[in-house]
Amino acid sequence: MFLIAGSYGAALKAIGPVQPAQFLATQLEHVKWEGFRLYDFIFPLFLFIIGVSLVFSLDKTIAGEGKAAAVKRIIRRGIILFLMGVFYDGGVSRWHQSNVLCGVLQRLALGYLFTGLLYCGLKLRGLVATFVVVLAGYWALWTFVPVPGTGQVSFEEGKNWTHYIDLKMPPYHRIDNEGYLSTFPAIGTCLLGVFAALVLKNAAVTPEKKVLWLVAGGAAMTIAGYLWALQFPIIKRAWTPTYVLVAGGYSCILMGSFYLVIDVWKYQRWAAPFVWIGANAITFYLGESIVPMRRMAERFVGGDIAHAAGRYGDLLVVLVAAGLSIAVMRFLYNRKIFLRV
């Protein structure tokens, strides 16, 4: 998903000075430091969905096998997913060159692991308290505690607490987008998914009210995040609490909207591709490194065909690559072939 979105951005830029295309191209690039774009929304949305899904899966496990079995499952799956991330990012052979501890899958694994353990050990009030303490503590550290060696607080790139910790921690003393300290507020993003799932599971609330709570709550979080950003910037690379609120708010709005259309209004057939991808999300993510779909697409519409399409040639290749990826996901889904952790 991350690779496809980035390819779209590059393809849209190649179209030239067409305002809608350039706007979309900008939205499909990460903000360098402060700010928020569509591309910055994909990663936290994954974490949010993990929080949603673990409520349904763990409730089922706890009811059928007990809490101890659920905890064992959380730890096992968290470790396996983390090791998959290490392998995907180069493995132990590139221990000092690659972000083997702080990649995307690693952060998803840690989010699942710690959020799952918190869900098994705490009631709703405790989960909310944990969410507040994590975000408030992260904010207080950045806002009131001077960064060692500088004598002052800082929100600047390379001069803040998150980067300081990443540079000091072994094994390779470097700065990462998915670094050590920023994992804590990322768990807050996962907890927001838990809260959304609890709304969906509440049998005492009508479907219409569930939609209202999700959309209204998401809008309130998004507004609060942007207002808070007047003091504490929205920074994806540091996973600031303002980023947690803005991304989490949009996630709640999106979930409420999908729930309304799919579960309340029963318009479901159009959502089939999302089901195919969601059922094999890990395969979809890892697949690009195994079978580069862009290369496959170039065999169909590359070369002279892409050249004939002019400035739209690159976009044509990317669209075909996306179509091939979805076709593979449909093939696996129909034959019940799933990569599970």
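Throughout this tour, buried means under 20% relative accessible area, exposed means over 50%, and partly exposed covers what lies in between, using a 1.4 Å probe and protein chains only. The model you have open is predicted, so local features need pLDDT of at least 70 and side-chain atom pairs count only at pLDDT 80 or more, while totals for chains, interfaces and linings use all residues. Residues are numbered from 1 along each chain as its sequence is written, and side-chain values use heavy atoms, with hydrogens and water left out.

**Stop 1: Gly-35 and helix H3**

Start by selecting Gly-35, which is partly exposed at a relative accessible area of 26%. Gly-35 sits in the loop between helix H2 (19-27) and H3; helices here are DSSP runs (H or I, at least four residues), and strands (E) need at least two, with numbering from the N terminus. Now add Tyr-243 to the selection: its C-alpha atom is 8.7 Å from that of Gly-35, although the two are 208 residues apart along the chain.

Next, show helix H3 (residues 39-65) together with H10 (residues 241-264). How far apart are the axes of H3 and H10, and at what angle do they pack? The axes are 9 Å apart, and the angle is about 65°. Axes are lines fitted to C-alpha atoms, for helices over the stretch in contact, and angles run from 0 to 180 degrees between N-to-C directions. H3 and H10 are therefore roughly perpendicular, on a scale where under 35 degrees is roughly parallel, over 145 roughly antiparallel, 65 to 115 roughly perpendicular and the rest oblique. Their crossing is right-handed; that means the near helix is turned clockwise from the far one by less than a right angle, and anticlockwise would make it left-handed.

**Stop 2: H9 against H10**

Keep H10 on screen and bring in helix H9 (residues 207-228), whose axis comes within 7 Å of that of H10 and crosses it at roughly 160°. That angle makes H9 roughly antiparallel to H10. H9 passes H10 in a left-handed crossing. The residues of this contact divide into 19 nonpolar, eight polar and two charged. For that split, Ala, Val, Leu, Ile, Met, Phe, Trp, Tyr, Cys and Pro count as nonpolar, Asp, Glu, Lys and Arg as charged, and the others, Gly among them, as polar.

On H9, pick Ala-216, which is partly exposed with a relative accessible area of 41%. Its C-alpha atom lies 7.5 Å from that of Ile-253, 37 residues apart along the chain.

Then select Trp-239, found in the loop between H9 and H10. Is Trp-239 buried or exposed? Trp-239 is buried, at a relative accessible area of 0%. Check its backbone too: Trp-239 has a positive phi of about 50° although it is not a glycine. Most residues other than glycine have a negative phi.

**Stop 3: the aromatic rings**

Colour the aromatic side chains next; the structure holds 19 aromatic pairs. Rings of Phe, Tyr and Trp (its six-membered ring) pair if their centres lie within 6.5 Å, and planes under 30 degrees apart count as stacked, over 60 as edge-to-face and the rest as tilted. Ring pairs link Tyr-138, Trp-139, Trp-142, Phe-144, Phe-155, Trp-228 and Phe-232 into a cluster.

Zoom in on Trp-139 and Phe-144: their ring centres are 5.2 Å apart and their planes at 85°, so the pair is edge-to-face. Trp-139 is partly exposed at 25% relative accessibility, whereas Phe-144 is exposed at 54%.

Now move to Phe-258 and Trp-270, with centres 5.7 Å apart and planes at 50°, so this pair is tilted. Phe-258 lies in H10 and Trp-270 in the loop between H10 and helix H11 (272-279), twelve residues apart. Phe-258 is partly exposed at 29%, and Trp-270 is partly exposed at 41%.

**Stop 4: the cysteines**

How many disulfides are there? The count is zero, taking a disulfide as a pair of cysteine sulfur atoms within 2.5 Å. Two cysteines to click on are Cys-120, buried at 5%, and Cys-252, buried at 7%.

**Stop 5: helix H15 and beyond**

Finish with Val-328 in helix H15, partly exposed at 31%. Its C-alpha atom is separated from that of Ile-277 by 9.4 Å, with their positions 51 residues apart along the chain. In the segment after H15 (313-334), select Lys-336, which is exposed at 67% relative accessibility. Lys-336 has a positive phi of about 55° although it is not a glycine.
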